[in-house]
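Colleague: I'd like to go through this one with you and hear what stands behind each label. Can you show me the model?

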Amino acid sequence: MASSRVKRRVGVFGGTFDPIHAGHVEVAHAVLKALCLDRVLFVVTSDQWLREHPPVASAVDRFRMVEIAVENDPEFTASKIDILREGSTYTVDTLNDLTMQLGDSVTLYLIVGADSALSMDQWKDAGEIARLASVVVVGRPGLEFGVESLGEPHPASGAEYVEGPMIDVSATCVRDLLSENRPVSGLVAEAVGEYIEKQGLYRE
Ligand code: ATP
């Protein structure tokens, strides 16, 4: 007899979260609602992520801030899967590990901001990504995103577009404000702000 079990729909939202800000949280809410997801995993990158500007706060602090930011949202979970894996963080590894862990009763939705989506063709094993998850691109203020402008093949060329909250905030802007001792209320959750203050993060 065929199984009537409906697959759970899980969003995978990867990021440095250095720190997690209102843009991240509202994007996750918007995609959860638009695609009727059951949950969203906030997957925090490791410290060994190869990029021009490495994370400022440690993976331990970035993960803790995500945990704090999502603790009152039952559909949201902070995931350590990329921190626990040895080496640099690559999305294809995240998706493969999650597929192994969660099994085939789950459909994965990879959530990426429009800025990240544009460079997805340069990601490791780019062709594999769209096979492992449905790609969901979320609008980011100041960025034009259209699948027709992407070269083929591109992991985001079949993506679903969700405009989302269009909140003009970045972690860079939050860090800059903090380094100048300026307030970040409204940009990060109050409890995250308290953690940053207590740990003395992002001060010059
Ligand atoms: P930074 O300023 O340090 O580069 P960031 O604010 O872009 O950081 P990341 O942790 O690098 O945050 O981003 C994680 C994911 O969230 C990426 O896919 C990014 O495109 C998306 N994202 C971040 N901020 C927004 C926002 N305001 N609106 C839409 N997507 C966002």
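Modeller: Here you go, and keep in mind that the model is predicted. Let's start with helix α8, residues 190-199, which gives the most to the lining of the second largest pocket, three residues in total.

Colleague: What makes a residue part of that lining, and which residues are they?

Modeller: A lining residue has an atom within 4 Å of a pocket point. On that test the list reads L178, N181, R182, P183, V184, G193, I196, E197, G200, L201 and R203. The space in there comes to about 210 Å³.

Colleague: How do you know how the lining of the second largest pocket divides by residue type?

Modeller: Each residue is sorted by type, with Gly counted as polar and Pro as nonpolar. The result is five nonpolar, three polar and three charged.

Colleague: On to the ligand. Why are I167 and V169 said to make polar contacts with the ligand?

Modeller: The cut-off is 3.5 Å between N or O atoms. A backbone N or O atom of I167 sits 2.9 Å from a ligand nitrogen, and for V169 the corresponding distance to a ligand nitrogen is 3.0 Å. Both pairs therefore count as polar contacts. A171 joins in too, with a polar backbone atom 2.8 Å from a ligand oxygen.

Colleague: How much of the ligand does the protein bury?

Modeller: Taken alone, the ligand exposes 600 Å², and 91% of that is buried by the protein.

Colleague: Which residues come nearest to the ligand?

Modeller: There are 22 residues around the ligand, and D115, R140, I167, A171 and T172 come nearest. By type, the shell has seven nonpolar, 11 polar and four charged residues. Elements supplying at least two shell residues each include β1 (8-15), α1 (22-34) and α7 (171-179).

Colleague: What is unusual to look at in the loop between β1 and α1?

Modeller: Two things to check there. F17, in that loop, has a positive phi of about 50° although it is not a glycine. P19 is in the loop as well, and a cis peptide bond joins D18 to P19, with omega about 5°.

Colleague: Last one: why does the radius of gyration agree with a compact globule?

Modeller: For 204 residues, the globule rule gives a value near 17 Å, and the chain has 17 Å, so the two agree. The C-alpha trace spans about 60 × 40 × 35 Å along its principal axes, and the chain holds eight helices and six strands.

Technical notes. Residues numbered from 1 in each chain as written. Predicted model: local features only at pLDDT ≥ 70, side-chain atom pairs only at ≥ 80, totals over all residues. Heavy atoms only, no water. 1 Å grid on protein atoms, 1.4 Å probe; cavity = no way out; pocket = protein on both sides within 12 Å on 5 of 7 lines; lining within 4 Å. Points joined across faces, edges and corners; volume = space filled by probe spheres on them. Helix = DSSP H or I, 4+ residues; strand = E, 2+ residues; numbered from the N terminus. Near = heavy atom within 4 Å. Polar contact = N/O pair within 3.5 Å; in protein donor to acceptor, adjacent residues only side chain to side chain. Areas by Shrake-Rupley, 256 points an atom, 1.4 Å probe, with all protein chains shown as cover. Rg over C-alpha atoms; globule rule 2.2 N^0.38 Å.
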